[in-house]
Amino acid sequence: MALRIDDISINTIIGNGSAISGNIKVNGFVRIDGDIDGNLETDGNVIIGENARIRGDVKAKSIIIGGIIVGNVNAIESAKLLSEAAVIGDIISHKVQIDDLAIFHGHCISLKNDDEYSKVSQEYLQSKAIKAKVSL
């Protein structure tokens, strides 16, 4: 992934009161204040506002969560759950920070070493995919 010069400018905003049904794939920094019923994927950073609700998986470089996610979070660099946040799903990231009063129900993989992180996260994702196929 190329280094972005513009890692601080928000490229996409889904505002309060907006509702999207379906998967979203965008480039750059994303802020969500509305509702998404689907997966969100970006190569940049994500901010989930305190009024946001996501039912789906989120994949990003880093994520700050103030709202609710019912799904898995894969944030390569870091994931931070603010005190208003709720995540019902798994978190995979190099760094995870969970503030007081935040709700997290799921599994967490957080390893600083790149090689260990890659190995363990790939094994975990493969086992999850196998379990999903078996339960069909």
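In the predicted model, the side chains of R55 and D37 meet in a salt bridge, with an N to O distance of 3.4 Å. This pair links distant parts of the chain, since R55 lies in strand 8 (residues 53-55) and D37 in strand 5 (residues 35-37), 18 residues apart. With a relative accessible area of 54%, R55 is exposed, whereas D37, at 36%, is partly exposed.

The structure holds three salt bridges, and another of them is formed by K128 and D90, whose closest N and O atoms are 3.1 Å apart. Here, too, distant parts of the chain are linked, K128 being placed in helix 1 (residues 114-134) and D90 in the loop between strand 12 (86-88) and strand 13 (91-98), 38 residues apart. K128 is partly exposed, with a relative accessible area of 32%, while D90 counts as buried because its relative accessibility of 7% falls under the 20% limit. The side chains of R31 and D33 likewise meet in a salt bridge, at 2.9 Å from N to O; in this pair R31 is partly exposed, at 28% relative accessible area, and D33 is buried, at 16%.

Nonpolar side chains tend to be buried together in soluble globular proteins. In the present model, the largest nonpolar core comprises 24 residues, of which I32, I48, I63, I65, I69 and V73 touch the most other members. Two or more residues are given to this core by each of strand 3 (24-26), strand 4 (29-32), strand 7, strand 9 (58-65) and strand 11 (73-81). The surroundings of V73 can be described in further detail: when its neighbours within four places in sequence are left aside, V73 is in contact with V58, I63, I65, V87, D90, I91 and I92. D90, which forms the salt bridge with K128, is thus also among the residues that V73 contacts.

A polar pair was examined in addition to the charged ones. N45 is located in strand 7 (residues 45-48), and its side chain is joined to that of S62 by a polar contact of 2.6 Å. N45 counts as buried, its relative accessibility being 14%.

At the surface, V70, I88 and I103 make a nonpolar patch of about 240 Å². Of these residues, V70 is found in strand 10 (residues 68-70) and counts as partly exposed, with a relative accessibility of 42%.

Conventions
Residues are numbered from 1 along each chain as its sequence is written. This is a predicted model: local features need pLDDT of at least 70, side-chain atom pairs count only at pLDDT 80 or more; totals for chains, interfaces and linings use all residues. Side-chain values use heavy atoms; hydrogens and water are left out. Helices (H or I, at least four residues) and strands (E, at least two) are DSSP runs, numbered from the N terminus. Buried means under 20% relative accessible area, exposed over 50%, partly exposed in between (1.4 Å probe, protein chains only). A polar contact is a pair of N or O atoms within 3.5 Å; within protein, one must be able to donate a hydrogen and the other to accept it, and residues adjacent in sequence count only if both atoms are side-chain atoms. A nonpolar core is a set of buried Ala, Val, Leu, Ile, Met, Phe, Trp, Tyr and Cys residues joined through side-chain atoms within 4.5 Å. Contact means heavy atoms within 4.5 Å. Patches are made of residues with over 30% relative accessible area and no salt bridge: like charges are joined within 9 Å, nonpolar side chains (Val, Leu, Ile, Met, Phe, Trp, Tyr) within 5 Å. Accessible areas come from the Shrake-Rupley method with a 1.4 Å probe; for residues, only the protein chains shown count as cover. A salt bridge is a side-chain nitrogen of Lys or Arg within 4 Å of a carboxyl oxygen of Asp or Glu.
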